[in-house]
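Colleague: I'd like to grill you on the labels in this model. Can you show me the structure before we start?

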Amino acid sequence: MKEVVLSDELSEEMRRIYEEMASSYDVVARSLNFSCDGCPDNCCDSYFLHHTYAEWAYLWKGFCELDEARQQELVERSKQYILECEKAEARGERPQVMCPLIDEGRCSLYTHRLMVCRTHGVPASMRRPDGQTLHFPGCFRCQKIVKKKFVHDSQAPHVERTPLLQRLVAVERKLMGEKLHLYPRVKLTIAQMLLKGPPAIATPHCERSGIKPDV
Ligand code: SF4
Ligand code: SF4
């Protein structure tokens, strides 16, 4: 297995993409006079799976910057998180377990948190590669604000996610190379990522017999 590591250039691009996600979120939040302050909910207990090697590698990079004791603490919490999720799934429920990275209400890897953590809350739209546009209404509190201020949801300001997602896909392609489609699809919670360690891949011919790498 070979560890998947972001080059300095790709790390910098991830940082810029994430920063722009956060700033475009802030612009919309400000114009709606919306914030998470005083919310009785905490979205960090929402169950999300993440799908790119690039985000996993960037999260791992942030994790490696923590001291060893902190890393160990987060690994232990991740184990507990996974157990709790398994119990919920065994009951036929969607897990709702607090993210192992949350600490006294703050994210332990704030600058490396994932896309979903930066985009949930305000209205957004996204054009899929097949041309279909998806609309996200924002969280329940933001939806209430939109309903009060606008006759129709479509009049509300929103984050256009498409260009940022396209840049994320471009990083994923550069990181994984032309054979991206041959590698196992990422479908992991943050806890699973941290327990697995850094993303690592076998060369394609190890994964699927008959397919040989030409490098
Ligand atoms: S995104 Fe919405 S639901 Fe989530 S914490 Fe913020 S205000 Fe609450
Ligand atoms: S990574 Fe950070 S922001 Fe995202 S769910 Fe976990 S604690 Fe919350």
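Modeller: Sure, and below we go through the labels one by one, setting values against cut-offs.
This is a predicted model, so local features need pLDDT of at least 70 and side-chain atom pairs count only at pLDDT 80 or more, while totals for chains, interfaces and linings use all residues. Residues are numbered from 1 along each chain as its sequence is written, chains are lettered from A and ligands numbered from 1 in the order in which they are written, and side-chain values use heavy atoms, with hydrogens and water left out.

Colleague: Which residues surround ligand 2, and what puts a residue there?
Modeller: The rule is that one of the residue's heavy atoms lies within 4 Å of the molecule. Around ligand 2 that gives C44, C99, L101, I102, C107, R113, C117 and I190.

Colleague: How does that shell divide by class?
Modeller: Seven are nonpolar, none polar and one charged. The classes work like this: Ala, Val, Leu, Ile, Met, Phe, Trp, Tyr, Cys and Pro count as nonpolar, Asp, Glu, Lys and Arg as charged, and the others, Gly among them, as polar.

Colleague: And which residues are around ligand 1?
Modeller: F34, C36, C39, D41, C43, G121, C139, F140 and R141. That shell splits into six nonpolar, one polar and two charged.

Colleague: With cysteines in both lists, how many disulfides does a search of the whole structure find?
Modeller: Zero. A disulfide here is a pair of cysteine sulfur atoms within 2.5 Å. Take C64: the nearest cysteine sulfur, that of C107, is 16 Å away, and C64 is in no disulfide.

Colleague: Why is C139 called buried, and what is C64 called?
Modeller: Buried means under 20% relative accessible area, exposed over 50%, and partly exposed in between (1.4 Å probe, protein chains only). C139 has 12%, so it is buried. C64 has 44%, so it counts as partly exposed.

Colleague: What makes N33 stand out, and is it buried or exposed?
Modeller: N33 has a positive phi of about 55° although it is not a glycine. Its place is in the loop between α1 and α2 (53–64). N33 has a relative accessible area of 66%, so it is exposed.

Colleague: What about E104?
Modeller: E104 also isn't a glycine, and its phi is positive at about 50°. E104 sits in the loop between β2 (102–103) and β3 (106–107). The relative accessibility of E104 is 80%, so it counts as exposed.

Colleague: How do you know where a helix or strand begins and ends?
Modeller: They are DSSP runs, numbered from the N terminus: helices are H or I with at least four residues, strands are E with at least two.

Colleague: What makes β4 and β5 a pair?
Modeller: Two strands pair if DSSP finds at least two bridges between them. Strand β4 (residues 124–127) and strand β5 (residues 133–136) are joined by four bridges and run antiparallel, so they meet that definition. R127 stands opposite T133 in β5, and A124 has F136 as its bridge partner in β5. In this hairpin, five residues lie between the strands, and G131 takes a positive phi near 95°.

Colleague: Why is the pairing in the sheet called mixed?
Modeller: Strands of a sheet pair through backbone hydrogen bonds, either parallel or antiparallel. The open sheet of three strands has the order β5-β4-β6, with mixed pairing. Its edge strands are β5 and β6 (159–160), each pairing on one side only. β4 and β5 run antiparallel, while β4 and β6 run parallel, joined by two bridges. In β6, A124 has V159 as its bridge partner, and S125 stands opposite E160.

Colleague: What earns the name cavity, and how many are there of 30 Å³ or more?
Modeller: On a 1 Å grid over the protein atoms alone, a cavity is a set of points where a 1.4 Å probe fits but cannot get out, and lining residues have an atom within 4 Å of a point. The structure holds one of 30 Å³ or more, and the largest cavity has a volume of about 70 Å³, the volume being the space filled by probe spheres set on the points.

Colleague: Which residues line the largest cavity?
Modeller: Among them are M21, Y25, M115, R118, A124, V159 and L165. By class, the lining has eight nonpolar, two polar and two charged residues.

How values were computed. On a 1 Å grid over the protein atoms alone, a cavity is a set of points where a 1.4 Å probe fits but cannot get out, and a pocket is an open set with protein on both sides within 12 Å along at least five of seven lines; lining residues have an atom within 4 Å of a point.
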